[in-house]
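Trainee: I would like to learn how to read a model of this kind feature by feature, with the general idea before the particular case. Could we go through it together?

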Amino acid sequence: MEAGRRPRKLQKREHDASMDEVSFATGTPESNGHSKDAEQPTLDFQAQAQSDSGPQDGGVMLPQTSVAQADICPNGYEEPITVSTSPNTQSIHEDHAAPPLSKNQQKKLKRKQEWEASRDARKAWKKGKLKEKRERKRATRAEEATQTPADAPPPKKPPPKRAIQLPITIVMDCDFDNLMSDNERISLGSQLTRAYSDNKNAHLRAHLTIASFGGKLRERFNTVLSKHHELWKGVRFLDEDFVGAAERAKIWMCGEEGGKLAGALLENVGASEEAQQKARDKGEVVYLSSDSDYTLSELKPYSTYIIGGFVDKNRHKGICYKRAMDRGIKTARLPIGDYLEMASRKVLTTNHVNEIMLRWLELGDWGKAFMQVIPKRKGGQLKSQVDSMDEDEEEVEEENGLSGTPRLSEAATGPQVEDHEKSELGDTRVSRNPTDEEWQDLLGEYVHAQKNIKDDKELNARQPILNGKEQVSEHDATDHDRIQKAVDV
């Protein structure tokens, strides 16, 4: 080869279409590290005539072989190329591996699996506890029977009240499945079960309806809860939303099984046919929301009241109110603030709202209904009781002559004063309650000292601070010492 000339490329081999099988070696066996007898991978080409159903690239099809390497590249150099024709190998980046679970997610998954695995054990434990409870009741009845005389008549049980169906509908709007977590969805399922139980055991029943029943909530009822909701009586499960459920409620409330007026509804409407017909025509649809500007004063017959079946821990504020306004439905809130003094938020769970409405249908009094249903942990107290307690305290203060004087805390005056008494052990100090005169003296000194301290603070605020130290007047120091001595006495 002459200097300065480019190396000659290898001559390309011509393709013979008459060949049925062509085998390309991947280089010399010795250079590849294989023996001469080793089987070399091959690539078979099948020449087919081009047809309408055949491939568009000349009729050449690749068979399902593993890996074939050619010793000649398309550019003519001796560099092997790899052709993969495996049916499972489509693209390297097509299927991405799922991201690994974090430690917290792994722990939650493990706890969930353990909980599901111990389901049978929990059922057996509950059955055992129920059996023990029945045995205790049986033993208690046997003991009472031995203590009562034989001639005494057996105690009469009050006859059970027969349940009455009322022409009123309560709809649970469960169209919030995508906004809840798994735990919140579990809590909603428990609340729906409790709401059904309260309505079934109530003396005056309402038409209970579960609207937008689908998604993961339905899946939980069908799988984990073993479809026990299919055995519920007096409840309807609808795929429609709350608007469609309200339209259907008008039909069944006016039908033969719609029910009759009783309890508070009968007292408000009356027993005449004309009054009941007017009430039937004035039926309304109301979405209950704590964000509404209107207060629900009473429940009306032939009406539908919608409760948001949503457990969100107050993350999505005002979502039920906005949902009702977008569909043109009236909104109202329960009159909790008109009857109760709450120590916490006024937001209640789904089953609590349902139970409050059932209690009102029997009692006709919101205050009594709230006190029977709202948990004690919320610190609810009737406003009438709070007002009466304040009036009693004012009367006691007027009798003691302390009206118009500021109330002092125990830290300011002390609940007791000390006196000296002589006993066998010598001179000792005995605590006793202060008299009215002592109270008046302590209160007067306290008020006088507070007034002087306030005046001195205003004076010091107008005076400059000298040498970085605040100026304290003589009145401030002497009054502070005097009131401290009065408190220590």
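Mentor: We will take strands, backbone angles, salt bridges and surface charge in turn, keeping in mind that this is a predicted model.

Trainee: Let us begin with the strands, then. How many residues of strand E9 are buried?

Mentor: The general idea is to ask how much of each residue is left accessible, where buried means under 20% relative accessible area. In strand E9, which spans residues 304-308, 5 of its 5 residues are buried, and the strand is therefore described as mostly covered because each of them falls under that cut-off. The cover is found on both faces, with Thr304, Ile306 and Gly308 buried on one side and Tyr305 and Ile307 buried on the other.

Trainee: Which strands are joined to E9 by bridges, and in which sense do they run, parallel or antiparallel?

Mentor: Here one looks at the bridges between strands and then at the partners of single residues. Strand E5, residues 164-173, is joined to E9 by 5 bridges and runs parallel to it, while strand E8, residues 285-288, is joined to E9 by 3 bridges, also in the parallel sense. Tyrosine 305 of E9 shows both pairings, since it is the bridge partner of isoleucine 170 and also the bridge partner of valine 286.

Trainee: What does E8 pair with besides E9, and are the faces of E8 covered or open?

Mentor: E8 also pairs with strand E10, residues 330-332, in the parallel sense over 3 bridges, and valine 286 has lysine 330 as its bridge partner in E10. Valine 286 can thus be followed in two directions, to tyrosine 305 in E9 and to lysine 330 in E10. As for cover, Val285 and Tyr287 are buried on one side of E8, and Val286 and Leu288 are buried on the other.

Trainee: Turning to the backbone, which value of phi should make me pause at serine 212?

Mentor: The general idea is that most residues other than glycine have a negative phi. Serine 212 has a positive phi, near 55°, and is not a glycine; this residue is found in the loop between strand E6 (204-211) and helix H5 (215-222). Serine 212 counts as buried because its relative accessibility is 10%. Tyrosine 302 can be read in the same manner: its phi is positive, about 55°, although the residue is not a glycine, and its place is in the loop between E8 and E9. With a relative accessible area of 8%, tyrosine 302 is buried.

Trainee: How many salt bridges does a search of the whole structure find, and how should I read single ones?

Mentor: The search finds 15 salt bridges, and for each one it helps to note the distance between nitrogen and oxygen and then the exposure of both partners. Arginine 119 and glutamate 116 meet at 2.8 Å, N to O; arginine 119 counts as partly exposed because its relative accessibility is 21%, and glutamate 116 is likewise partly exposed, at 34%. Glutamate 240 and arginine 248 meet at 3.2 Å, N to O, with glutamate 240 partly exposed at 33% and arginine 248 partly exposed at 38%.

Trainee: Where do glutamate 247 and lysine 250 lie in relation to each other?

Mentor: Both lie in helix H6, residues 242-253, and they are 3 residues apart, which is about one turn of the helix. Salt bridges can also share partners, as they do in the network that joins Asp173, Asp175 and Arg323. Returning to the helical pair, the closest N and O atoms of the salt bridge between glutamate 247 and lysine 250 are 3.9 Å apart. Glutamate 247 is partly exposed at 47% relative accessibility, and lysine 250 is partly exposed with a relative accessible area of 43%.

Trainee: Finally, which residues gather in the patch of positive charge on the surface?

Mentor: The patch is formed by Lys129, Lys133, Arg134, Arg136, Lys137, Arg138, Arg141 and Lys157. Arginine 136, one of these residues, has its place in helix H3, residues 119-147. Arginine 136 counts as exposed because its relative accessibility is 52%, and exposed means over 50%.

Methods. Residues numbered from 1 in each chain as written. Predicted model: local features only at pLDDT ≥ 70, side-chain atom pairs only at ≥ 80, totals over all residues. Heavy atoms only, no water. Patch = residues over 30% accessible without salt bridge, like charges linked within 9 Å, V, L, I, M, F, W, Y side chains within 5 Å. Areas by Shrake-Rupley, 256 points an atom, 1.4 Å probe, with all protein chains shown as cover. Salt bridge = Lys/Arg side-chain N within 4 Å of Asp/Glu carboxyl O. Lys, Arg positive; Asp, Glu negative; His and termini not counted. Charge placed at Lys NZ, Arg CZ, Asp CG, Glu CD. Helix = DSSP H or I, 4+ residues; strand = E, 2+ residues; numbered from the N terminus. Buried < 20%, exposed > 50% of the residue type's maximum accessible area, 1.4 Å probe, protein only. Pairing = 2+ DSSP bridges.
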